[in-house]
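Me: I would like to learn how to read a protein model step by step. Could we go through one together, with a reason given for each reply?

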Amino acid sequence: MHIEGDYATDGFATIRDLIPREVATYLYKQIQIDLAAAGRSFQDFAVTQALSRHETVDISGHFYRPLTTFLWGLTPIVSHVTGKDLLPSYDFFRIYLQDDVCRVHADRPSSEHSISLTLAYSDGKPWPLEVGSRHVTEVTPCEDTWGDEPYTSVEMQPGDGVLYRGIDRRHARVQPNPNRWSAHLFLFWVERDGPYARHAFDAERLKSEHERVAQMAT
């Protein structure tokens, strides 16, 4: 693991080899295997959202518990890198398709400290994550471009993570995805004694996730 950047000063840092590339790739494969064993496929979890041009495959750690275990396991490392006493909030797995984008946005309060972790690219072409330079104070509508805001573009390989302050640093992937698909894991924490502590374990969202999964089963 190698850290590039100053998280405290810049609001983001790149963590090279946060997990071994082999682990990143096999986590993607394991999700696929477990879905098949349950008679499901990635397409069963396709959703339309404002962030992207096309449907994305979204699987919440509230539904697939190995992702939650992964989140909890990374908590000591992320606490060390941020210099904060953190509690896990939530995480989710996502697949973006070719030519898709992730529009410029900031996240909800459960995302105080965030990691975008690349798991796999179908064609091995890095798809960079961009992090803005300005401190924002509220969630605003998604935008297609950065406008006049300077931003940093971080090229990522499987196993690399970008740690960023999700609620006050806008982030995006405005360059179209060059792969047929790319798989990512997004992980979030809040400070134990901070202003968003009540969002630990994402209790408010957990109920709605269970309701969504129950509807899918009918």
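Reply: What follows is a set of questions and answers on this model, which is predicted.

Me: How far apart are the end C-alpha atoms of helix 2, and what span should its residues give?
Reply: Helix 2 covers residues 21–37, which makes 17 residues. At 1.5 Å a residue these should span 24 Å, and this agrees with the distance between the end C-alpha atoms in the model, which is also 24 Å.

Me: Which residues of helix 2 are buried, and how wide an arc around the axis do they cover?
Reply: The buried residues of helix 2 are Ala24, Leu27, Tyr28, Ile31 and Leu35. They lie on the same side of helix 2, because the arc that they cover around the axis is only 95°. The general background is that an α-helix has 3.6 residues a turn, so residues three or four places apart point the same way. The names asked for are therefore Ala24, Leu27, Tyr28, Ile31 and Leu35, and the arc is 95°.

Me: Against which elements do the buried residues of helix 2 pack, and which exposed residues sit on the face turned away from them?
Reply: The buried residues of helix 2 pack against helix 3 (65–82) and against four strands, namely strand 4 (56–60), strand 5 (86–97), strand 7 (113–121) and strand 12 (181–191). The face turned away from this buried side carries exposed residues, and these are Glu22, Ala36 and Ala37.

Me: Is threonine 118 buried or exposed, and which residue of helix 2 does it touch?
Reply: Threonine 118 lies in strand 7, one of the elements against which the buried residues of helix 2 pack. Its relative accessibility is 0%, and because buried means under 20%, threonine 118 counts as buried. Leaving aside residues up to four places away in sequence, the residues that it touches include Met156, His184 and, from helix 2, Ala24.

Me: What is the phi of aspartate 17, and where does this residue lie?
Reply: Most residues other than glycine have a negative phi. Aspartate 17 is not a glycine, yet its phi is positive, and the residue is partly exposed at 46% relative accessibility. Aspartate 17 lies in the loop between strand 2 (12–16) and helix 2, and its phi is about 55°.

Me: What is the phi of phenylalanine 201?
Reply: Phenylalanine 201 is found in the loop between strand 12 and helix 4 (203–216), where it is partly exposed with a relative accessible area of 41%. Although phenylalanine 201 is not a glycine, its phi is positive, at about 65°.

Note on methods
Residues numbered from 1 in each chain as written. Predicted model: local features only at pLDDT ≥ 70, side-chain atom pairs only at ≥ 80, totals over all residues. Heavy atoms only, no water. Helix = DSSP H or I, 4+ residues; strand = E, 2+ residues; numbered from the N terminus. Expected span 1.5 Å × (residues − 1). Buried < 20%, exposed > 50% of the residue type's maximum accessible area, 1.4 Å probe, protein only. Arc of directions from axis to C-beta. Contact = heavy atoms within 4.5 Å.
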